[in-house]
Each structure stands twice: as C-alpha cells, then as structure tokens.
Amino acid sequence: MARNTKSNKPGYRCVECGHESAKWFGRCQECQAWGTLEEVGVPTRATMARISAGAPSAPARPIAEVDVETARARRTGVSELDRVLGGGLVPGAVVLLAGEPGVGKSTLLLEVAFRWAARDGAASPSLYVTGEESAGQVRLRAERTGNVHDSMFLAAESDIGAVFGHVDVVRPGLLVVDSVQTLGSTEIDGTPGGVTQVRAVTAALVALAKERGLPVVLVGHVTKDGAIAGPRVLEHLVDVVLHFEGDRHTSLRMVRGVKNRFGPADEVGCFELVDDGILGVPDPSGLFLNRRDTGVAGTAVTVAVEGKRPLLGEVQALVSKSALPSPRRAVSGLDSARVAMALAVLERRGRIRLSESDVFAATVGGMRIHEPAADLALALAVASAARDIPLPPDLVVLGEVGLAGEVRRVTGVKSRLAEAARLGFTRALVPPDSGTIPDGIRATVTPDLGAALQALHESAAT
C-alpha cells in the first residue's frame, strides 16, 4: 500500500487573499475572513510530468500584425465617465463600479445605457439587468430621468443562466448588471452574495465578455469600511475598477479610477446629482469656491490635484476662545492628522497660541483634500482666523509644511497655477524650486512658515 506523503495531501487556499494552509480553519489566518478556505489539490511531481502540450486556440503572430481596431474604445456618451475610462468602453472589457448605497450608481448607469441605445439604436442595443429592483421600479426611475429608449432593454433577473439567455435573445452591444452580488446559480454551492457565488458569477461574465467582445459593467457593493464587498479576486478578474464617491448632504459625486488596463488609473470624473438625473461637471473648480471682492479672515484658497485634474478649493478655519479644559478640534473634508500637525507647527514655529482655543477647519462644497500640498493654505487660514487678518481674495497658496516649519515643494505647480490664473487669481505663495510660473500670475517664494506669516501681515498693511 502506497504511503500518503505530504507532497500529495490536499491543501486549503483562502479565496480572499490566496493564503494557503495545510489544515482547514473556519477563519483565514492571514486576512481574518470567515468561511473563505477551500480545498485545493496539490499537484505532485508525477502529475506535472504528465502534462503534455496541447493545440493552441490561435497561432502566435508578430505583435505588429495584431489587429488593434477590435480593441478601440467606444465612447459611452457620458464625457466625465469616458475621461475616467480612458476614452470609453473597450469591446470585451469588464468594468466594476462600486459605491455606497444611494450614491447614484444606478442613476449613472441608466444614463450610460440610454446614451448607448440612443446612439446605436437597433444595431447595438443596451441591456440593463437588475437583481435588486423590479422592472417597474427601474422604469419609473428611467422616466423620471428621461432615460427611455426603444433600443434599451430591461430585465429583472437573479439567475446568471437567465441573464445569459437574455443576452442570446437581445444580442446587446452593452450589458449592465446591477448588481453582481445579487446574481447566483443553482449549480453553484452557496447563497447569492457569498464568496463562492460572487466569484463564479463574475468569472462567467468575464468569459462571456471576452468571448463575444461585449463590454460589461458590473455594480458592486461596498463594506462599511468603504472596500469592495466580496472576494479580493473579484478586483483581479475585472479589467477596470471604479469607485463612486460622494457625500449624501451634497450634490457632488466623483468617479475615481482605481484600476484600468486600458488607460490611466488615477483619473477622476465629476458629476452633480440633480432631481431629474445626474450631470457631468466638466469644470468643477467653481463648486468649491466662494468668490468675494474682499478677503475674509480664516479663509485661504489652494489648488488640489484629483487624478490629473487641478481643482481649486477653499480652506476655512475658525479659532475661538475655549471654555473647556480640553479645547475642541473639529475637522471636515481634511485629513485630521495633518490638521493636528499644522496646528502644532503653528504654535511651536509660528508663535501662535492655540492651546486655549477651539479650532474648526473645513473645506467648502464638500470637497475632500488629503494631499500635503494644502498644508500651507491650512496653516495660513488658521493664522488668519487667530489674528483676524484676511488674505487677499486673488491669492492662492501652495506648499507642504514640515515639522521644522519649512515649506517643501509640491508636484504640478505649473498646472495648478495655470488653473488658478484661468479662474482670475493673480497672486500665489509657492515653495522654493517651483519651476516655471505661467503667465498671468505673480508668484512669491515662501521658504518657511515664518515668511508666509510675514506675507500675511504685509497683506494686512496694504
């Protein structure tokens, strides 16, 4: 009787992170996910030796002879989404759009399906599959947003086999699935939304897209931490991963590229959610500014970069005497850790006493700024509020502030200042070694925080 050696024993692999284990555990020892270990056979040396060469599906050709026309991107008709996708949808591409409930994912994809159907008509219709709502509910939303077309087909299904049947009948040029967590199959173990079902359904849709050259857009859920729900392999299977972000209390929405095999993975598209649908915002800088003829104490304008797009944003601060033994620190739209660091540098290097005051810092219009380039604007906004000295209304501030009080250079100064000049700003505080300054704006180099505070007092004197 042959001995069962360690080399041919089955192992277990986590479908979330890929961690392998010799024993089965209810919880993965690496990523701490529950119920994600599946048995996998470990191939032995004898098994590997039996693998023989098979017939290739197509002969290999020189790369210069490969036809690229079949991989050209086609525009969706929604310009801001095309920007993030890198020009449009590539035939056979699978796009995963994830976001919090109610952020507007379904509204955006209804717009995409309508634009696709309205452009191509019966030659290339769109198919919208919903697993979360009834067909009547989706029709009501489509009527409200004006997204109804004869070549736009709608199906309410939760079985992946039925979805494939609709694709065979309709023969669409675009397939939208809302959402991938609601689809399942009776031939696969587990419940819809489970790890096994989501992985199998996604793999089947990816195979369908590649086989027929059909662009597929999948809606994905997110967890309470903002990560995409389901197994991690879900993001590896698809070609493009997009995050749909937005604050419930504002109308601004952003589609942020996380992964893109066909274009840049750091682009951002801006949208505005309105009563009758969703609109692209090609010039969103004005949403984050309150333009005034005179300066107001506690405000500073900076230029943040979202992807490759410079956006002007206003940072506001309020400093008031505190009646509490531990003064309050409230932050909205900014990185709380960088705000705490800026306050400490202001008190230690700028000689501005803040330990007995409440400090509130926020951005305007729901904008979120987390890059270090806004450090100097934040510091000057707090100093302006503490000393009741307004900054000039035509001034933009750029620079990262170090713990020693020095102002460090940031990337893309030329494009940032060009955007500021386009919107009417004529002056700027910039770090040393900022490179070429565009025409129409006068820049003042600020080597440290002390020089920036001196510029603040000089602006008050003039």
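Which residues in α8 meet which residues in α9? Let's go and find out. You're looking at a predicted model, where local features need pLDDT of at least 70, side-chain atom pairs count only at pLDDT 80 or more, and totals for chains, interfaces and linings use all residues. Residues are numbered from 1 along each chain as its sequence is written, and side-chain values use heavy atoms, leaving out hydrogens and water.

**Stop one: α8 and α9.** Select residues 336-349 for α8 and 375-387 for α9. R338, V339, M341, A342, L343 and L346 in α8 meet D375, L378, A379, V382 and A383 in α9 (contact means heavy atoms within 4.5 Å). The helices pack at an angle of about 60°, and their axes lie 10 Å apart. That makes α8 and α9 oblique to each other (neither under 35 degrees, over 145, nor 65 to 115).

**Stop two: α9 alone.** Eleven of the 13 residues in α9 are buried (under 20% relative accessible area, with a 1.4 Å probe and protein chains only). Among them are L376, L380 and S384. Now click D388, just after α9: its phi is positive, about 55°.

**Stop three: α6.** Select residues 195-212. At 1.5 Å a residue, these 18 residues should span 26 Å, and the end C-alpha atoms of α6 are indeed 26 Å apart. Colour its buried residues: Q197, V198, V201, T202, L205, V206, L208 and A209. Look down the axis of α6: they fall within an arc of 160°, so they line one face of the helix. What do the buried residues of α6 pack against? Show β4 (94-99), α5 (160-170), β7 (174-178), β8 (216-220) and α7 (233-237). Finish at G213, which follows α6 and has a positive phi near 65°.

Technical notes
Helix = DSSP H or I, 4+ residues; strand = E, 2+ residues; numbered from the N terminus. Expected span 1.5 Å × (residues − 1). Buried < 20%, exposed > 50% of the residue type's maximum accessible area, 1.4 Å probe, protein only. Arc of directions from axis to C-beta. Axes fitted to C-alpha atoms, helices over the stretch in contact; angles between N-to-C directions.
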